[in-house]
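Please keep the viewer open beside this text, with the sequence panel visible, and follow the selections in the order in which they come.

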Amino acid sequence: MSLVMAGRRPTSGEASTATPPSSRTLWAAEDLIRLVLALLVGGIVVGVAWYICSGDARFNQQIGPLDAAVGGLIFAGGGNVMWLLRGRRALGERRRALMPDLEAAILPAGSVRPVATSPSDPSDLLVAGDGLVRYHRAACPLASGRSWTGMTRGEHDAMGRQPCGVCQP
Amino acid sequence: MEPTKWLRLQWDRTLAWALVVAGAVALIIGWVGVSSTAYSAEQLPYIISGGIGGIFLLGVGATLWLSADLRDEWRKLDRIEEALQQREAGPLHAEVDAH
């Protein structure tokens with residue numbers, strides 16, 4: 001369990017570092033602690049509510065524990081939902097960092113601009129597709145076979161683009 | 001694959017199923033308990049233990065199951081990243097070998 005759950009959650013910024021895949025984890029340790037705490041607190045509240053309720057034969061005195069039990073259930077459910085949402089978000093961030101240009105694959109061929117010509121040194125240029133948020137080295141696997149526009153890093157930065165997490169230009 | 005090995009590898013789904021079954025059993029026991037008496041004061045403990053407790057267990061089981069799905073997807077991304085890194089390193093290694 002700890003193999004997958006413990007450790008740091010990768011963020012989009014961290015994804016640009018060349019970390020081996022095995023060192024990244026889906027949930028951080030604090031996420032696991034939060035989940036366990038929510039389940040423990042919720043479970044204990046339900047258990048105590050049941051104990052109090054079963055020891056009292058007066059209906060009016062049982063309403064309070066019943067409310068508490070429902071509250072405990074909602075609290076534990078909130079912990080579950082938070083856990084799943086954080087997992088989903090981590091997955092989405094990593095997927096976007098790893099495959100930032102997936103949109104390019106589904107764009108019609110005519111919508112991609114041809115490569116800019118006559119740079120002083122073509123190896124200085126970094127490429128990116130129209131409307132995409134990451135720029136790449138020309139030799140990046142994610143840019144191979146694509147006729148993307150070559151620009152300088154400053155131009156990409158000015159357009160609000162970020163460096164690719166794979167080729168790390 | 002041997003059942004024990006499968007259970008070890010899929011511990012999260014196994015536990016999820018166990019919790020879902022336990023939750024269903026709790027709900028049934030709660031229903032039996034509630035239906036066996038006409039007094040609200042006697043029914044409420046069953047509602048809390050069987051009903052709310054059962055929903056609690058079902059929720060934890062469902063969370064575990066969905067977590068297992070998310071983990072599977074994470075491992076797929078691990079493999080994709082590894083493949084991309086190997087692809088990136090491939091031509092460089094070939095060039096070094098050629099020298």
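## First stop: a salt bridge in chain B

Select Asp72(B) and Arg13(B), which form a salt bridge whose closest N and O atoms are 2.7 Å apart, a salt bridge being a side-chain nitrogen of Lys or Arg within 4 Å of a carboxyl oxygen of Asp or Glu. Because Asp72(B) lies in helix 3 of chain B and Arg13(B) in helix 2 (residues 11-35) of chain B, the pair ties together parts that are 59 residues apart in sequence; helices are DSSP runs (H or I) of at least four residues and strands are runs (E) of at least two, numbered from the N terminus. Arg13(B) is buried, at a relative accessible area of 10%, while Asp72(B), at 29%, counts as partly exposed. Here buried means under 20% relative accessible area, exposed means over 50%, and partly exposed lies in between, with a 1.4 Å probe and protein chains only. Extend the selection to Asp69(B) and Arg75(B), since these two are linked with Arg13(B) and Asp72(B) in a network of salt bridges.

Before going further, note that this is a predicted model, in which local features need pLDDT of at least 70 and side-chain atom pairs count only at pLDDT 80 or more, whereas totals for chains, interfaces and linings use all residues. Residues are numbered from 1 along each chain as its sequence is written, chains are lettered from A and ligands numbered from 1 in the order in which they are written, and side-chain values use heavy atoms, with hydrogens and water left out.

## Chain B as a whole

Now show chain B by itself in a cartoon view. Its secondary structure comes to three helices and zero strands, which gives the pattern α-α-α when read along the sequence. Of the 99 residues in chain B, 33% are buried. Among the contacts of chain B with a separation of 6 or more, 73% are between residues 24 or more positions apart, a contact meaning heavy atoms within 4.5 Å.

## Across to chain A

Which residue of chain A forms a salt bridge with Glu81(B)? Select Arg94(A): the side chains of Arg94(A) and Glu81(B) meet at 2.5 Å, N to O. Arg94(A) lies in helix 3 of chain A and Glu81(B) in helix 3 (residues 40-98) of chain B, so the pair joins two chains. Both partners are buried, Arg94(A) with a relative accessible area of 4% and Glu81(B) with one of 6%.

With both chains displayed, select the residues in contact, 43 from chain A and 31 from chain B. The two chains bury about 3,300 Å² between them, 76% of it on carbon and sulfur atoms, where buried area is the accessible area (1.4 Å probe) that two parts lose on being put together, summed over both. The count between chain A and chain B is three salt bridges, against a background of ten over all chains.

On the chain A side, the elements that give two or more residues to the surface touching chain B are helix 1 (2-5), helix 2 (29-54) and helix 3 (59-98) of chain A. Helix 3 of chain A supplies the largest share, 18 residues.

## Within chain A

Next select Arg58(A) and Asp56(A), which form a salt bridge with their closest N and O atoms 3.2 Å apart. Is each partner buried or exposed? Arg58(A) counts as exposed at 52% relative accessibility, whereas Asp56(A) is buried at 18%.

Then move to Gly71(A) in helix 3 of chain A, which is partly exposed with a relative accessible area of 35%. A C-alpha to C-alpha distance from Gly71(A) to Val45(A) comes to 8.1 Å, although the two are 26 residues apart in sequence.

## Last stop: colour by confidence

Finally, colour chain A by pLDDT, the predictor's confidence in each residue from 0 to 100. The mean for chain A is 76, and 72% of its residues reach 70 or more. Among the elements of chain A, helix 2 has the highest mean pLDDT (94) and helix 1 the lowest (42). Select residues 1-19 of chain A, where pLDDT stays under 50 and the model has 51 contacts beyond four places in sequence. Residues 112-120 of chain A are also below 50, with 15 contacts in the model beyond near neighbours in sequence. Where pLDDT is low, the predicted coordinates should not be read in detail.
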